[in-house]
Amino acid sequence: MASSDVKLIGAWASPFVMRPRIALNLKSVPYEFLQETFGSKSELLLKSNPVHKKIPVLLHADKPVCESNIIVEYIDDTWSSSGPSILPSDPYDRAMARFWAAYIDEKWFVALRSFLKAGGEEEKKAVIAQLEEGNAFLEKAFIDCSKGKPFFNGDNIGYLDIALGCFLAWLRVTELAVSHKILDEAKTPSLSKWAENFCNDPAVKPVMPETAKLAEFAKKIFS
Amino acid sequence: MADEVILLDFWPSMFGMRTRIALEEKNVIFDYREQDLWNKSPILLEMNLVHKKIPVLIHNGKPVCESLIQMEYIDEVWPSKTPLLPSDPYQRAHAKFWGDFIDKKVYGSARLIWGAKGEEHEAGKKEFIEIHKTLESELGDKTYFGGETFGYVDIALIGFYSWFEAYEKFGNFSIEVECPKLIAWTKRCVKRESVAKSLPDSEKITKFVPELKEKLGIK
């Protein structure tokens, strides 16, 4: 299939955009990466995602697919015979993966994002407590899902690895900005090891932003 | 081996209604267990440790949480001639997009209609109408959101219909006037046995709202 058949509207710094990029890499699907300029939205984006006007948007033969986790599932369904399975095959395992991905987006990431914006010490303490509770849940989820293997999805990275792993660069930037270790090897040893393995995966490395570059970008957008 | 299916639920929950409908569509026999959300049972706290919310679907002892995820699970475990989600990847993604939209938008705006006053209430009402016009536009002239067959998006939205009378009373507006095609769609849906069995009477919901407000400490 020609690479012009698959386009992704996104931005290098967005963790949500990273999700379909990793998925496309796993399936060895070439694509054209159409980068949005921070602060403005292209005509193509507004036309392709009129409801939310947000990135990422996958355009497959000009048909748009929106919402990062939905795009990842679409990629898995469409290129099912190529590369490893992104979602587990067992319905219960699939439900678990989807549950934790929703938790990550609705609770964990919201807490992480609020950390950067947190004002006083009290607010920061509250966010740290939230994140630590979240991390404890995720550590247990990892042990349950991985069943002794290196990733949530087993031997290869999959849907839940991607759903959480996409935030690792922002996690590091936040840790530096607030001078606090959020992902602590002592408290969450399995998750910490997983993070290292995830970042070294060949499907992830080319699309994971460098911490320094991201930190500079963060300074610019939060100032 | 017979399947053991338990549903921990709360009768007015439009989210619980989704799972009830999905199970009924698949003719799955389940044990419905009414929960007291102000005095949460040990089973609820154990089976949904993370959110402590209903609905919780317990299949052979293993919990599945989050109503849209439960719908997909039910569709995958009990595949039938009438699947809830389409098999085509693009149409599936499209259905899931709208399910996600309904999840993100409807409850929040609706809550402001019965639970807020003044500016917040007006803003909620305005947003609610806008959201439903968007949904009506997505429905278009189709019988159901997925086309000719009742499915995932219909199930994701129809539970809110049981609350429409309450929204209209507290919001002092008519949803039919704003979204006539959507109301026509609701009438088609409630003719289905699975929906008729799973939705409570609108009157019961409307009577319940003041009690709910009191429980939530809202004046």
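How much area is buried between chain B and chain A, and what share of it do carbon and sulfur atoms give? I began my notebook with this question, working on a predicted model.

**Entry 1. The interface**

I looked up the buried area between chain B and chain A and found about 2,200 Å². Carbon and sulfur atoms give 70% of that area. I then asked which three residues supply more of chain B's share than any other three. They are B:V50, B:Y90 and B:F97, which together supply 27% of the area that chain B buries against chain A. For the contact itself I noted 24 residues from chain B and 24 residues from chain A.

**Entry 2. Polar links across the interface**

I next turned to the charged and polar pairs. Between chain B and chain A I recorded 6 salt bridges. I also recorded 7 residue pairs in polar contact across this interface.

I then examined which elements of chain B take part. On the side that touches chain A, β4 (62-65), α3 (67-77) and α4 (89-115) of chain B each supply at least two residues. Of the elements, α4(B) gives the most, with 11 residues. By residue type, this side of chain B divides into 14 nonpolar, 1 polar and 9 charged.

**Entry 3. B:E76 and its partners**

Which residues of chain A form salt bridges with B:E76? I found A:R94, with the closest N and O atoms 3.0 Å apart. This pair joins two chains, because B:E76 lies in helix α3 of chain B and A:R94 in helix α4 (residues 91-117) of chain A. I found A:R98 as well, with the closest N and O atoms 3.3 Å apart. That pair also crosses between chains, from helix α3 of chain B to helix α4 of chain A.

I checked the accessibility of these three residues. B:E76 is partly exposed, with a relative accessible area of 22%. A:R94 counts as buried at 16% relative accessibility, and A:R98 counts as buried at 4%.

**Entry 4. A salt bridge within chain B**

Over all chains I noted 28 salt bridges. I selected one inside chain B, formed by B:D9 and B:R20, with the closest N and O atoms 2.6 Å apart. B:D9 lies in strand β1 (residues 5-9) and B:R20 in helix α1 (residues 14-25), so the pair ties together parts that are 11 residues apart in sequence. I noted that both B:D9 and B:R20 are buried.

I then returned to salt bridges that share partners. They join A:E73, A:D77, A:R94, A:R98, B:E72, B:E76, B:R92 and B:K96 into one network. B:E76, A:R94 and A:R98 from my previous entry are thus members of this network.

**Entry 5. Cysteines**

How many disulfides does a search of the whole structure find? I recorded 0 over all chains. A:C166 is in no disulfide, and the nearest cysteine sulfur, that of A:C199, is 11 Å away. I asked whether A:C166 is buried or exposed. A:C166 is buried, with a relative accessible area of 0%.

Why does B:C189 form no bond with B:C179? The sulfur of B:C189 is 15 Å from that of B:C179, its closest cysteine sulfur, and this is too far for a bond. For B:C189 I again noted a buried residue, with a relative accessible area of 0%.

Key:
Residues numbered from 1 in each chain as written. Chains lettered and ligands numbered in written order. Predicted model: local features only at pLDDT ≥ 70, side-chain atom pairs only at ≥ 80, totals over all residues. Heavy atoms only, no water. Contact = heavy atoms within 4.5 Å. Buried area = accessible area lost by both parts, 1.4 Å probe. Salt bridge = Lys/Arg side-chain N within 4 Å of Asp/Glu carboxyl O. Polar contact = N/O pair within 3.5 Å; in protein donor to acceptor, adjacent residues only side chain to side chain. Helix = DSSP H or I, 4+ residues; strand = E, 2+ residues; numbered from the N terminus. Nonpolar A, V, L, I, M, F, W, Y, C, P; charged D, E, K, R; others polar. Disulfide = S-S within 2.5 Å. Buried < 20%, exposed > 50% of the residue type's maximum accessible area, 1.4 Å probe, protein only.
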